[in-house]
Protein chains: 2
Amino acid sequence: MSEGLLHPLAVAEAWKKVGRDVAIATVIETWGSAPRPVGSHLVIDGEGNFEGSVSGGCVEGAVIAEALDVIADRAAKTLEFGVADETAWRVGLSCGGRIRVYLESLSFDIERLNDCRDRREAVALITSLDDGKAFIAAEGQEIAPALRATLDGAFRSGKSALVEVEGKSFFLNVYLPPPEIVVIGAVHISQVLAPMAKLAGFDIRIIDPRTAFATPDRFPDVELVADWPIDVLKERPLDRYTALVAVTHDPKIDDFAIAEALRAGCLYVGALGSRKTHASRLERLRAEGFDDAVLAGIHAPIGLNIGASNPAEIAVAILADVIQSLRTREIVARDSVQQ
Amino acid sequence: MSEGLLHPLAVAEAWKKVGRDVAIATVIETWGSAPRPVGSHLVIDGEGNFEGSVSGGCVEGAVIAEALDVIADRAAKTLEFGVADETAWRVGLSCGGRIRVYLESLSFDIERLNDCRDRREAVALITSLDDGKAFIAAEGQEIAPALRATLDGAFRSGKSALVEVEGKSFFLNVYLPPPEIVVIGAVHISQVLAPMAKLAGFDIRIIDPRTAFATPDRFPDVELVADWPIDVLKERPLDRYTALVAVTHDPKIDDFAIAEALRAGCLYVGALGSRKTHASRLERLRAEGFDDAVLAGIHAPIGLNIGASNPAEIAVAILADVIQSLRTREIVARDSVQQ
């Protein structure tokens, strides 16, 4: 789920910075087969340069032409395209579709939006389709009570959507940091979890200081670091959109990472080990000052209880558990959020 | 989990048939890193020909030498090997290990064991290590009450194991048919489910008569049949070790397969669709004569309830649900089992 280097919103900010006019087109609704999901952006400058995509090439030309008008008028409009040209759609999805695109002259605080995205903070751009006003809300930030539940739901699902609230239409464009799974332990479970997590849309990296385990042969196409968690996590820290999966059951390797994950408020902290192993682990963590309420958040035994019978099935149980934690998490009100 | 063409037990049966003496070596316990799991076989004939493996090459020579004695004496013995030669172990698992191997002159009804395996029936070979007597029990077959719970557990987990029952040692070698997931619908969910299911150890095939969906481009390295379930399932029927996943939500395509799965006693029957879609589906199936108790076994909504937010996450939810059904299933006593 990592964004490319040239995210359209980063390009738009750069254009704005050097004084160019900018229009932003956003897919706000799709029917049938649509090549680009709701929330996708195409950004256009006053000279017709563009970055991004709303349809993979089918209707970009028309949107760019309209964008120049929108820039001239400092206005906003909604465009709708039926897509008849079946060959333009993805192989196997050529049954046609329609998309609705919201096109506006850039008027919102794009610097703050990009800043949140860069800091891996979940953020939403909320646009009233009635008056074109747009505002930005970070996850947990105070917001109009009528929008609260809907926005929390969008933050949980990561899905941008057109919603009706008290008779008004809003488009909620949510930008979730790409969720990452950090696995401590280059073991059998991790060998299966890594490709599965990628298939499910997660970034993943494996950390294990034991060079006999952490070999590229055993982990092809996976980010693998053969070093101690205390060193690795200093350079690239855990955060609230990271799931920490500790599976070495060696306290020397697991413990620091688990403690760090609890401090960082990771979306998931899971640790492999027998009841006895976990009891000793809890004692060590209590001695480090963690209280029982925090420790109760550790998923141990790790993974959903599906009767997994081998390392590959344990990997499925863990991945399902991580998804459940991500998609059903409580959206905590945060005073500290930059307003 | 498909067996190779030359399963050691098939080779042993063929040797027996032509009058050769046969010894069977079986891994009954492992400590540390062992290259072959508990239950693995090496079969040896009276001239030292062999098939299969108990250690991936480390100790086969010694086992074969012992086998010739065992054949001569019509006896059985237990061998133990510590593996010091680290290079013999798999890359990354070179921390040494020990294995215990049970070696016997073939004395059990290997024809019946292979017949069960060929018919995709779960079966166990139960060997008393005290007196060397071995007997065969199919899943659900009546058996000594003291062994019942332990054997049921082994059938659920698919794990062969050394057990103590009433002071006696038994080795339970369970042979589970390779579980298969049959997916009706070559859709987005299936594109992710297919590689994931393989990683988790399942065979998988995708059936969809819509040739625009069922294209090899969209499903590389997966068994894909662009035909109607009614035709495909006639040729290769569903059985109790098949999970049926119906995700087209088109009754013309899904319904027959779902009904067939209920008739076959599939380990899992799941169907995608809204509450309303499922209600109409149940009505149609009731009209076909299925009673409510049977229909209640359909997993709908399909997959564990983990808040899955996109097709890839739904695939994880389905796979976890299938594993749970496989590993926690009730072992039903079956009168019809061949004794």
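**Close-up views of chains A and B**

**View 1. Salt bridges and polar contacts link the two chains.** Between chain A and chain B there are 2 salt bridges, meaning a side-chain nitrogen of Lys or Arg within 4 Å of a carboxyl oxygen of Asp or Glu. Glu313(B) forms a salt bridge with Arg327(A), with 2.7 Å between the closest N and O atoms. Across this interface, 8 residue pairs are in polar contact, both at pLDDT 80 or more (N or O atoms within 3.5 Å; within protein, one must be able to donate a hydrogen and the other to accept it, and residues adjacent in sequence count only if both atoms are side-chain atoms). This is a predicted model, where local features need pLDDT of at least 70 and side-chain atom pairs pLDDT 80 or more, while totals for chains, interfaces and linings use all residues. Residues are numbered from 1 along each chain as its sequence is written, chains are lettered from A in the order written, and side-chain values use heavy atoms, without hydrogens and water.

**View 2. The contact surface takes in both chains.** Here 32 residues come from chain A and 31 residues from chain B (contact: heavy atoms within 4.5 Å). The two chains bury about 2700 Å² between them, 65% of it on carbon and sulfur atoms (accessible area, 1.4 Å probe, lost on being put together, summed over both). Leu199(A), Ile306(A) and Ser309(A) supply 21% of the area that chain A buries against chain B, more than any other three residues.

**View 3. Strands β10 and β13 of chain B run parallel.** Here 5 bridges join β10 (residues 180–184) to β13 (residues 242–246) (strands are DSSP E runs of at least two residues, numbered from the N terminus; they pair with at least two bridges). Ile184(B) stands opposite Ala246(B) in β13(B).

Key: Helices (H or I, at least four residues) and strands (E, at least two) are DSSP runs, numbered from the N terminus.
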